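Work through the two exercises below with the structure in view. Try each task before you read its solution.

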Amino acid sequence: MEFEMERFITALVDRSPPHALEHLQLVLIPLFIAFIIAFPVAVILTRQRFIKYTDRVMAFFSMGQTIPPLAVIAIFFPFLGLGRTPALFALTIYALLPIARNTLAGLKGVPRDVKEAARGMGMSEWEMLFRVEIPLSMPVVMAGVKISVVLTSGTAALGALVGGGGMGAVIFAGIDFFRAELIIAGTLIIAAIAIILDRLLSLIDNMLTPPHMKM
Amino acid sequence: MIGLLSGNSGWLANFYDQYLGFIAFIIRRWDQVVEYTLNHFSLVLTVMFFSLILWISVGLLISRYEKLANTAFGLGNILFVIPSISVFGIFITIPMLGLGRTSAALALILYAMMPMVRNVYRGIKSVEWPIIEAGRGMGMSARQILFQIQIPMAWPIIFAGIRVTVVMITGIATVATYIGERNLGRFIHHGIARESADMIIAGAILVSVIAILLDYLLGKIESRITSPGLLREQDHN
Amino acid sequence: MIRLDKVDKVFPGASAPAVDQVSFQVDEGNICVFVGPSGCGKTTILRMINRLVEPTGGDIYIKGQKVSDRGVNPDHLRRKIGYVIQQIGLMPHRTIEQNVALVPRLLKWPENKIMPRVKHLLEMVGLEPDEVSKKYPHQLSGGMMQRVGVARALAADPPIMLMDEPFGAVDPIVRGRLQDEFLRLQKEMKKTICFVTHDINEAIKMGDHIVIMNKGKLVQHGTPMEILSNPIDDFVKNLIGTDRETKLLELTKSEEMVTQTEEIPTEVSEKDCFIMAVDPVQRALEAMMKKDADIVGVKDGDKFIGTISWEDIKKHINRISGDEA
């Protein structure tokens, strides 16, 4: 395989930006949707009434990661065809599990005595949820979101296969034409996106975490 | 009833058409299905064979030498930021490897590192101190402690890691078709290129079924191998 | 049997030694109790005897052999020393049977010797072998687990036992029972035992010999009687507590203090105020209070041997307390 520095720079500066933007969308949109699905569902599963459904629901979310993303996109092909929509769909399903699992773990990890004290003081279940349980589980939840971001970012490369655009297009071009510059440029940008998003999330995490839990 | 439904809604009829079409496809191309499935399994098995030997050893090593642990986990995390297709792509640029199985296998072994090493580490660390102290106090040698206490107690967590790894590798292996592997991912790959719904769906369903089956089987084994004395919550990641 | 000679331990990065020039001797068949506040070094000393911790200075001898020598294999050494810790440390993934049989298996005892031994040991510590052998640790209560811990340590019949707060993880009632049963066992086994505790009462009850530690240094050692009678400084006095005299009374047998007489005094027979010769003098006080008497009769079995009066007790305490009246 060949590698030329000039081509590499061109790939980085010229070809990448539009794809990078698409890629960003392929990461942020699924993540957002996955969050507003997985987070509330997981929270509900920790409520007394719904605990019995936990295994079944989590098994469902797990399927999102057991089935290869490529296959998920493919299965929905008759409905959604090729293009951005199936890609977003598949990536959203893929992003569900880490968020759900960590939210569950985070909420379960809230010390029993804290909840006991809150109830004793007269907090309603809702108040306790929003003022005590969710804030205290934030670090673990955010860790789950970060995992999802990294996984989605990497998987989004496959979006290009179904016409969804994204940096994957650059990488696949590199493979098809046997040009190392494209592969490496594409990889670096995807990695950069993942790392930047990860840092951003850490910042948000810091802001949302109650002071005593900051490490 | 199908007649009624398809009579009423063209879209629904289309749906059934698409979905049932893939069954015909699989029957038609049965030889290929078998070939690709076997390749898929052989790849996964090869990868798991080397991964088990390699990463369990590494995991045991870093659980003893903490300083290495940070490096190991750092490397693992970096890998996950790189999309699988890139890793495959980079491997084929290496002169000695090129297209084909070796590159695919090596890349997959690399991916297997994170879940395996992490679970071995966590598993070993999960053994509480008094038990090891008692073992030492009774005169067990370091090797005896490792094999009679630490590994048996860590095994459920380690096995959970193996299960996750197998499923993950099966999934990523589909992408390896882009660098020449001939496994079930190829149906998806070619299906997309030729816009053949049957092929895509056939590939997708076959891979999904195998992934779910493996996960299920390993899950069953996982619950069998836990000594009744260990009432632990296992991590699945 | 066990001898420590100017033993030191400085942990890396620590400013003060954990154990500082400690020397003493434990005689065969004795229970030697190490007692002191947290961090005084008592556990470290214990763990140096079986080389879980290596001394940084000094020597340790067992039966005349220097065990702190590099040449001695620590694993082999430990298989001949019983080790019981507070958190017990039973292997959760093995049955009780397998746990107790561990050291004999390490020593490669023949199987047909091991099983009966396990059964015998479980009975010795007050458990029903048929009930518990096949169970797993998590199915037992805290007290039962502690007994298994002791059984396990005794499995290979080691001449020496090291016990670190072995009865600490249970409630006081169970603890008292375990202590009594262990003392009974020791009467038969006559092992050489090093016992660590932070509870002075446990030390007095269990120990033939007590070693008091503070901040790594050996402050005082002697029999419980000696320590109670002559605490060497304020630290020891505080450790013992303000009820020193009462503790002394608990240790002294009535027969040691009795004034021998032939005739039973009127008051004694009227108020039916008797105690046994083997009872501690404490019992005499209690009897006096209950029967509202100043004097009790002492019997040895059925035979009346003498009396103890309130005056006798006062004099005895004054004598032993020394300068404290």
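**Exercise 1.** How much area do chain B and chain A bury between them, and what share of it is on carbon and sulfur atoms? Then describe the side of chain B that touches chain A.

**Solution.** Note that this is a predicted model.

Step 1. Start with size. The size of an interface is often given as the accessible area lost when the parts come together. Chain B and chain A bury about 3,000 Å² between them, and 82% of that is on carbon and sulfur atoms.

Step 2. Look for polar links. There are zero salt bridges between chain B and chain A. One residue pair is in polar contact, with both residues at pLDDT 80 or more.

Step 3. Find the elements. Six helices of chain B each supply at least two residues of the side that touches chain A: helix 2 (10-28), helix 4 (66-81), helix 5 (84-93), helix 8 (142-175), helix 9 (185-194) and helix 10 (197-225). Helix 10 of chain B gives the largest share, 10 residues.

Step 4. Sort by class. This side of chain B has 24 nonpolar, nine polar and two charged residues.

Step 5. Count the contacts. In chain B, 35 residues are in contact with 32 residues of chain A.

**Exercise 2.** Describe the second largest pocket and its lining.

**Solution.**

Step 1. Take the volume. The second largest pocket holds about 710 Å³ of space.

Step 2. Find the centre. The pocket is lined by 23 residues, and those closest to its centre are C:L183, C:I204, C:K205, C:M206 and C:L251.

Step 3. Name the elements. Helix 8 (172-189), helix 9 (200-206), helix 10 (224-229) and helix 12 (244-251) of chain C each give two or more lining residues. Helix 9 of chain C gives the largest share, four residues.

Step 4. Sort by class. The lining has nine nonpolar, six polar and eight charged residues.

How values were computed. Residues numbered from 1 in each chain as written. Chains lettered and ligands numbered in written order. Predicted model: local features only at pLDDT ≥ 70, side-chain atom pairs only at ≥ 80, totals over all residues. Heavy atoms only, no water. 1 Å grid on protein atoms, 1.4 Å probe; cavity = no way out; pocket = protein on both sides within 12 Å on 5 of 7 lines; lining within 4 Å. Points joined across faces, edges and corners; volume = space filled by probe spheres on them. Nonpolar A, V, L, I, M, F, W, Y, C, P; charged D, E, K, R; others polar. Contact = heavy atoms within 4.5 Å. Buried area = accessible area lost by both parts, 1.4 Å probe. Salt bridge = Lys/Arg side-chain N within 4 Å of Asp/Glu carboxyl O. Polar contact = N/O pair within 3.5 Å; in protein donor to acceptor, adjacent residues only side chain to side chain.
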